[in-house]
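Got your viewer open and a selection box ready? Load the model below and keep it in view while we walk around.

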Amino acid sequence: MRRLCLTLVMVVGLSAVGGIGVAQSQAPAAPAGAPAARGGGRGPQLVSPQVNRDRTVTIRFRAPNAKEVVVIGEIDGKDHPMMKGDDGVWTVTIGPLAPDVYNYQFRVDGVVAMDPQNPSVKLGFGAFPPANLVEVPDDNGLTFDDAKPVPHGTVRLETYDSKSIGAPRTLWIYTPPGYEKSKSKYPVFYLLHGAGNIDSSWILTGRENYIMDNLIAEGKSKPMIIVNPLGYAREGIGLGPDRAADQPAAQGPPAGRGAGTPGGGQQNSLFAQDLLNDVIPYVEKTYRTYADADHRALGGLSMGGGQTVAIGFTHMNLFHYIIVMSAGAQNADQTYPDFFASPAATNKTLKLLWLGVGSDDNLAGQGAKALDATLTAKGINHGMWILPGARHEWVVWRHALYEVAPKMFQ
């Protein structure tokens with residue numbers, strides 16, 4: 001393994017300074033006489049977010065000169081205007097919320113800002129910028145995506161040289177509990193992120209490793225290796241100075257932004273070449289894997305779901321499990337005629353074709369429904385899972401992984 005270097009980025013909101021702290025049901029400010037917040041804060045340290053016993057969440061932001069502060073993000077599909085106190089601290093209480101992990105940001109006089117009090121962060125960029133995370137706990141204890149006291153797998157960061165892209169890139173790889181002590185081979189799930197995410201997103205935001213640890217411990221899922229590549233055809237993030245070809249102006253908009261489907265040909269073609277000709281050979285050379293389609297799955301969310309359709313529907317000889325989350329395709333039978341040419345042959349070849357989407361997804365919902373309808377009309381066996389009340393958000397994708405993993409490699 002090569003050395004891993006992490007770069008920490010501090011994001012400070014307008015007129016907002018303060019320390020680090022996430023608390024549950026605590027007072028909004030530090031006790032009298034307590035030291036000032038880190039970074040030379042003005043006034044006592046805030047508590048934000050504050051998860052209350054009734055499953056509401058109180059969020060605070062210090063911006064004494066701001067005219068308007070609104071909580072935005074993926075909490076309940078709504079914007080929440082905040083009220084300003086005499087101390088310059090804006091406050092709002094949201095909920096009650098169902099137990100889950102939510103993300104949020106502030107819009108401060110039209111500028112998106114993050115919560116400087118909250119160290120839990122979802123990485124992002126472009127149309128899906130960084131956000132803070134807050135978990136509303138379940139009254140019954142830890143849930144499917146929490147770190148429970150069970151045997152844990154290992155998360156590895158691998159660096160490989162991509163001949164297809166001509167640059168070093170990284171893979172985040174989950175190996176199940178017991179991999180190091182075993183001599184067994186394992187099936188592999190190549191799981192792709194969405195637009196505005198990076199290769200670490202399924203681990204750091206999606207909690208892929210804890211979801212799998214819990215499923216395996218409960219005997220609900222087969223142990224498997226999960227590989228998370230970077231979905232953009234560029235050098236890996238943070239491996240050195242950006243190449244000229246990797247500058248945003250050179251690349252154009254991210255593939256599938258907002259639609260959950262791949263676009264702009266060259267980026268997706270290069271990514272497919274990297275996955276098929278660089279990533280898979282690297283994984284099968286480096287890890288104890290089965291090297292056949294019956295033990296190989298491809299899946300992804302949003303942009304990654306679109307890439308899954310484009311690659312999976314044209315490479316059934318390589319992947320017998322295809323998992324499409326919050327993505328779809330209009331007129332898929334015309335775009336992928338070979339896939340639909342013989343439904344009987346496709347049904348015989350594929351072990352699992354599974355679609356998952358939130359019921360209120362305004363970005364990819366229509367595409368997912370269109371693909372479901374086409375598959376049904378053509379007689380292609382598949383599953384369709386819908387999470388009620390959910391939108392285009394990580395709440396859907398964590399639950400989707402929990403739902404589909406037990407169906408794989410059985």
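What follows is a tour, stop by stop, of what to select and what is there.

**Before you click**

This is a predicted model, so a local feature needs pLDDT of at least 70 to be mentioned and side-chain atom pairs count only at pLDDT 80 or more, while totals for chains, interfaces and linings use all residues. Residues are numbered from 1 along each chain as its sequence is written, and side-chain values use heavy atoms, with hydrogens and water left out.

**Stop 1: the whole chain**

Show everything as cartoon. The protein chain has 10 helices and 19 strands; these are DSSP runs numbered from the N terminus, with helices being H or I of at least four residues and strands being E of at least two. Of its 410 residues, 52% count as buried. Here buried means under 20% relative accessible area, exposed means over 50%, and partly exposed is in between, with a 1.4 Å probe and protein chains only.

Switch to a surface: the chain exposes about 18,200 Å², and carbon and sulfur atoms supply 53% of that. Such areas come from the Shrake-Rupley method with a 1.4 Å probe; for residues, only the protein chains shown count as cover. As for contacts (heavy atoms within 4.5 Å), take those with a separation of 6 or more: 72% of them are between residues 24 or more positions apart.

**Stop 2: the eight-stranded sheet**

Which order do the strands of the open sheet take? Colour them as E12-E13-E15-E14-E16-E17-E18-E19, eight strands with mixed pairing. Strand E12 (154-162) and strand E19 (383-387) are the edges, each pairing on one side only. From one strand to the next, the twist averages 20°. Two strands pair if DSSP finds at least two bridges between them.

Now select 188-192 and 296-301. These are strands E14 and E16, which pair in the parallel sense over five bridges. To pick out one bridge, label Leu192 and its partner Gly300 in E16.

Next, add the helices that pack on this sheet. Helix H9 (residues 365-378) touches strand E18 (352-358) and E19, and its direction makes about 150° with that of E18. Helix H10 (residues 394-404) touches E14, E16, strand E17 (321-325), E18 and E19, and its direction makes about 140° with that of E19. For these angles, axes are lines fitted to C-alpha atoms, for helices over the stretch in contact, and the values run from 0 to 180 degrees between N-to-C directions.

While you are on H9, click Gln366, which is found in that helix. Gln366 is exposed, because its relative accessible area is 58%. Put a distance between its C-alpha atom and that of Ser326: they are 40 residues apart along the chain, yet separated by 9.7 Å.

**Stop 3: two covered helices**

Select 303-312, helix H5. Nine of its 10 residues are buried, so H5 is largely enclosed by the rest of the structure. Among the buried ones are Met303, Gln307, Val309 and Ile311.

Just ahead of it, in the loop between E16 and H5, sits Ser302. Its phi is positive, near 50°, though it is not a glycine. Ser302 counts as buried because its relative accessibility is 3%.

Move on to helix H2 (residues 208-217), where eight of 10 residues are buried, including Ile211, Met212, Leu215 and Ile216. What covers these buried residues? The cover includes E12, strand E13 (167-175), E14, helix H1 (201-204), strand E15 (225-229) and H10. H2 is followed by Gly219, with a positive phi near 70°.

**Stop 4: backbone oddities**

Most residues other than glycine have a negative phi, and most peptide bonds are trans. Asn331, in the loop between E17 and helix H6 (332-335), has a positive phi of about 55°. Asn331 is partly exposed, at 45% relative accessibility.

Two cis peptide bonds are worth a click:

- Ser48 to Pro49, with omega about -5°; Pro49 lies in the loop between strand E1 (23-24) and strand E2 (50-51).
- Gly95 to Pro96, with omega near 15°; Pro96 lies in the loop between strand E7 (89-94) and strand E8 (100-108).

**Last stop: a surface patch**

Select Val121, Leu123 and Leu204, a nonpolar surface patch with about 240 Å² of accessible area together. Patch residues have over 30% relative accessible area and no salt bridge; like charges are joined within 9 Å, and nonpolar side chains (Val, Leu, Ile, Met, Phe, Trp, Tyr) within 5 Å. A salt bridge puts a side-chain nitrogen of Lys or Arg within 4 Å of a carboxyl oxygen of Asp or Glu. Leu123 is in the loop between strand E10 (121-122) and strand E11 (131-136), and is partly exposed at 40%.
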